[in-house]
Amino acid sequence: MESSIITQVQKEDTHLPSKTGQVSKSSPKKPRSRNIFKALFCCLRAQDVPQSPPPSQDTLLPPEDNGTIAKIPGTSLLPEVTPQDQGKICVVIDLDETLVHSSFKPISNADFIVPVEIEGTTHQVYVLKRPYVDEFLQRMGELFECVLFTASLAKYADPVTDLLDQCEVFRTRLFRESCVFHQGCYVKDLSRLGRQLNRILILDNSPASYIFHPENAVPVVSWFDDLEDTELLNLLPVFEELSEADDVYAKLKQLRAP
Ligand SMILES: [Mg+2]
């Protein structure tokens, strides 16, 4: 049941800790700055991501779950850039295990409880926010044109994002139907966004999501329930630097260099 709504629900769901161990947000830990980026690329460098040939027209037009054809080629997933975002790099941000973790398992410390109807029955989805997600989104909204892109279904992800994105940082929200179903995975094909590829970044815990464009990726460790996690806080200085890039490929290459 879970996988039909949320992209991943892990066995750890049954062991979510209480919020008593949460770190104080009033005294954030010092960011590890660029080191975290390098550390992340040590365990997940772009070249380690399984390479896939450029998607053929056939893979760009996969049958969806309901058997219909996905998208008309040539159309962009994003609307035109708004005046406030002119000149900004576009950052595609994942939801599950990047910004939040959700579960059908009742937990006492959920940040949100979202009712989702599945086949006529309403289920409660318990959502935990990743530590520092509010600070992260606020700053990202100042620096970039931010797009939420999730392989989850809109009927779950849209209400969660309504609750999460209080500052309305996300200019556009893209859901499962905007993904390309490729070799058993929902892939976020950045070439369909309607933005220059060298001006797009993707932040996602799942390398399969960006298998067509690993060179645009800022990897992030999957998050489930670690209340001491500081990944989002640590990534902010990296994104500050990336926001000033003319070409994200050059800047990411520089940041990945040992
Ligand atoms: Mg994810």
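## Close-up views of a predicted model

**View A. Strands E9 and E10 side by side.** Ile 202 stands opposite Ala 217 in E10. The model shown in every view is predicted. Strand E9 spans residues 200-204 and pairs with E10 in the parallel sense. Three bridges join E9 and E10. Strands of a sheet pair through backbone hydrogen bonds, either parallel or antiparallel.

**View B. The five-stranded parallel sheet.** Now the view widens to the sheet around E9 and E10. The strand order is E6-E5-E1-E9-E10. The sheet is open, and its pairing is parallel. Strand E6 (170-174) and strand E10 (217-219) stand at the edges. Each edge strand has a single partner, so one side of each is left without a neighbour in the sheet. From one strand to the next, the twist averages 25°.

**View C. The annotated aspartates, Asp 94 and Asp 96.** An unreviewed UniProt entry gives the annotation "active site" to Asp 94 and Asp 96. Asp 94 sits in the loop between strand E1 (90-93) and strand E2 (100-103). Asp 96 is also found in the loop between E1 and E2. Are these residues buried or exposed? Asp 94 has 23 other C-beta atoms within 10 Å, so Asp 94 counts as buried. Asp 96 has 26 other C-beta atoms within 10 Å and is buried too. The cut-off for burial is 20 or more such atoms.

**View D. The surroundings of Asp 94.** Which residues touch Asp 94, leaving aside neighbours within four places in sequence? Phe 149 and Thr 150 are among them. Leu 203, Asp 204, Asn 205 and Ser 209 complete the list. Phe 149 belongs to strand E5 (145-149). Leu 203 and Asp 204 lie in strand E9 (residues 200-204).

**View E. The largest nonpolar core.** This core holds 55 residues. Val 91, Val 92, Ile 93, Val 147 and Leu 201 have the most contacts inside the core. Helix H6 (residues 231-242) gives the core its largest share, six residues. In soluble globular proteins, nonpolar side chains tend to be buried together.

**View F. Leu 201 and its contacts.** Residues up to four places away in sequence are not counted here. Leu 201 touches Ile 89, Val 91 and Val 92. Asn 216 and Val 218 are also in contact with Leu 201. So are Leu 242 and Val 248.

**View G. Helix H4 and its buried face.** Helix H4 covers residues 133-143. Phe 136, Leu 137 and Met 140 are its buried residues. Seen down the axis of H4, these residues fall within an arc of 95°, so they line one face of the helix. What covers them includes E1, strand E5 and H6.

**View H. Leu 143 in helix H4.** Leu 143 is found in helix H4. Leu 143 has 16 C-beta neighbours inside 10 Å, so this residue counts as partly exposed. Beyond neighbours within four places in sequence, Leu 143 contacts Phe 239, Glu 240 and Ser 243. Leu 143 and Lys 88 are 55 residues apart in sequence. In space, they are 7.2 Å apart, C-alpha to C-alpha.

**View I. The hairpin of E3 and E4.** Strand E3 (residues 112-118) pairs with strand E4 (residues 121-129) in the antiparallel sense. Seven bridges link E3 and E4. Glu 117 stands opposite Thr 122 in E4. Pro 115 stands opposite Gln 124 in E4. Two residues lie between the strands of this hairpin. There, Glu 119 takes a positive phi near 50°.

**View J. The three-stranded antiparallel sheet.** E2, E4 and E3 form an open sheet in the order E2-E4-E3. The pairing is antiparallel. E2 and E3 are the edge strands, and each pairs on one side only. Neighbouring strands are turned by 30° against each other on average, direction ignored.

**View K. Helix H5 across the antiparallel sheet.** H5 lies across E2, E3 and E4. The helix runs at about 160° to E3. Which residues of H5 (residues 154-164) are buried? They are Tyr 156, Ala 157, Val 160, Thr 161 and Leu 164. Viewed down the axis of H5, they fall within an arc of 115°, so they line one face of the helix.

**View L. The whole protein.** The protein has seven helices and ten strands. Buried residues make up 35% of its 258 residues. Among contacts with a separation of 6 or more, 71% join residues 24 or more positions apart.

Conventions: Residues are numbered from 1 along each chain as its sequence is written. This is a predicted model: local features need pLDDT of at least 70, side-chain atom pairs count only at pLDDT 80 or more; totals for chains, interfaces and linings use all residues. UniProt positions are given in the numbering used here, feature names are shortened, and annotations may be inferred rather than shown by experiment. Helices (H or I, at least four residues) and strands (E, at least two) are DSSP runs, numbered from the N terminus. A residue is buried if 20 or more other C-beta atoms lie within 10 Å of its own, exposed if 12 or fewer, and partly exposed in between; C-beta atoms are placed from the backbone. Two residues are in contact if their C-beta atoms, placed from the backbone, lie within 7 Å. A nonpolar core is a set of buried Ala, Val, Leu, Ile, Met, Phe, Trp, Tyr and Cys residues joined through C-beta atoms within 7 Å. Two strands pair if DSSP finds at least two bridges between them. Axes are lines fitted to C-alpha atoms, for helices over the stretch in contact, and angles run from 0 to 180 degrees between N-to-C directions. The arc is that of the directions from the helix axis to the C-beta atoms.
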